[in-house]
Amino acid sequence: MRLLIVIFALLCVGSTAAAAGELVDGQKVFAKCKACHDVGPTAKNKVGPILNGVVGRPWGVVVGYKYSANKEGTLLAITEAEPMTWDVETLTNYLRKPKDVIPKGTMSFAGLKKDEDIENVILYLAQFDADGNEVDPEEILSALEESTSQEPAD
Ligand code: HEC
């Protein structure tokens, strides 16, 4: 029993250390987004909308930001037709190739090639809550996973 506890404790330490490394890598990837996007308590809309709390957030809801609209295949047109949420799957697809997900969207970004970069930048973004305060990204990701796994399959 005591051995099990020790092993469990070691596993926990191991996973936090890994997450910390991934967060640092995610921050580096975010350097590519920073020209257009802001995060943190004082974040402002730039060329792109504020990304605080974006993991688990519905598409296109930042107040005061003008999303692509009024045309088929734009961000607002897609989410008006069917309400969409930025979960790990949609973010992964969008960040890999923005035009595949939102063909007439205004995000002029070629996309991230490496799966690892995509995973790490999503983890990095998950640590900012809606007000831009830092929280445990794993909690946001696991809450999101639970809510999406409860949705009926279509
Ligand atoms: C050249 C500027 C630019 C760069 C670089 C850029 N974006 Fe964007 N991003 C935008 C614009 C503009 C939009 C609004 C898209 C629309 O309305 O169609 C957007 C939208 C988004 C959205 C949807 C937000 C919402 O509220 O629905 C996410 C998520 C996002 N970007 C993530 C990223 C990430 C992560 C990176 C870096 C890997 C990145 N973007 C790089 C300009 C950029």
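**Figure 1. Contacts across the whole chain of this predicted model.** Take the contacts in the protein with a separation of 6 or more: 56% of them link residues 24 or more positions apart. The fold behind those contacts has 6 helices and 0 strands, so to speak an α-α-α-α-α-α pattern when read along the sequence. Of the 154 residues in the protein, 24% are buried.

**Figure 2. A look into the largest nonpolar core.** This core has 24 residues. Val55, Leu91, Leu95, Val121, Ile122 and Leu125 are the ones with the most contacts inside it. Helix 2, helix 3 and helix 5 are the elements that each give two or more residues to this core. Helix 5 hands over the largest share, 7 residues.

**Figure 3. Close-up of helix 3, residues 88-96.** Which residues of helix 3 are buried? They are Leu91, Tyr94 and Leu95. These three lie on the same side of helix 3, because they cover an arc of only 95° around the axis. That squares with a general rule: an α-helix has 3.6 residues a turn, so residues three or four places apart point the same way. Helix 4 (98-101) and helix 5 are among what covers the buried residues of helix 3. Zooming in on Leu95, you'll find that it touches Gly111, Leu112, Ile118 and Val121, leaving aside residues up to four places away in sequence.

**Figure 4. Helix 5, end to end.** Helix 5 runs over residues 115-126, 12 residues in total. From its first C-alpha to its last it reaches 17 Å, close to the 16 Å expected at 1.5 Å a residue. Its buried residues are Ile118, Asn120, Val121, Ile122, Leu123, Tyr124, Leu125 and Ala126. Ile118 and Val121 turn up again here as residues that Leu95 touches.

**Figure 5. Tyr67 in its loop.** You'll find Tyr67 in the loop between helix 1 (2-30) and helix 2 (75-81). Is Tyr67 buried or partly exposed? Tyr67 is partly exposed, because 19 other C-beta atoms lie within 10 Å, while a buried residue needs 20 or more. Not counting residues up to four places away in sequence, Tyr67 touches Gly60, Leu75 and Leu76. Tyr67 and Gly105 are 38 residues apart in sequence, yet their C-alpha atoms are 8.2 Å apart in space.

**Figure 6. The shell around the ligand.** The ligand is surrounded by 27 residues, and the closest are Cys33, Cys36, Gly48, Ser68 and Gly105. Sorted by class, the shell has 18 nonpolar, 8 polar and 1 charged residues.

Methods. Residues are numbered from 1 along each chain as its sequence is written. This is a predicted model: local features need pLDDT of at least 70, side-chain atom pairs count only at pLDDT 80 or more; totals for chains, interfaces and linings use all residues. A residue is near a molecule or strand if its C-beta atom, placed from the backbone, lies within 6 Å of it. Ala, Val, Leu, Ile, Met, Phe, Trp, Tyr, Cys and Pro count as nonpolar, Asp, Glu, Lys and Arg as charged, and the others, Gly among them, as polar. Helices (H or I, at least four residues) and strands (E, at least two) are DSSP runs, numbered from the N terminus. A residue is buried if 20 or more other C-beta atoms lie within 10 Å of its own, exposed if 12 or fewer, and partly exposed in between; C-beta atoms are placed from the backbone. Two residues are in contact if their C-beta atoms, placed from the backbone, lie within 7 Å. The expected span of a helix is 1.5 Å times one less than its number of residues. The arc is that of the directions from the helix axis to the C-beta atoms. A nonpolar core is a set of buried Ala, Val, Leu, Ile, Met, Phe, Trp, Tyr and Cys residues joined through C-beta atoms within 7 Å.
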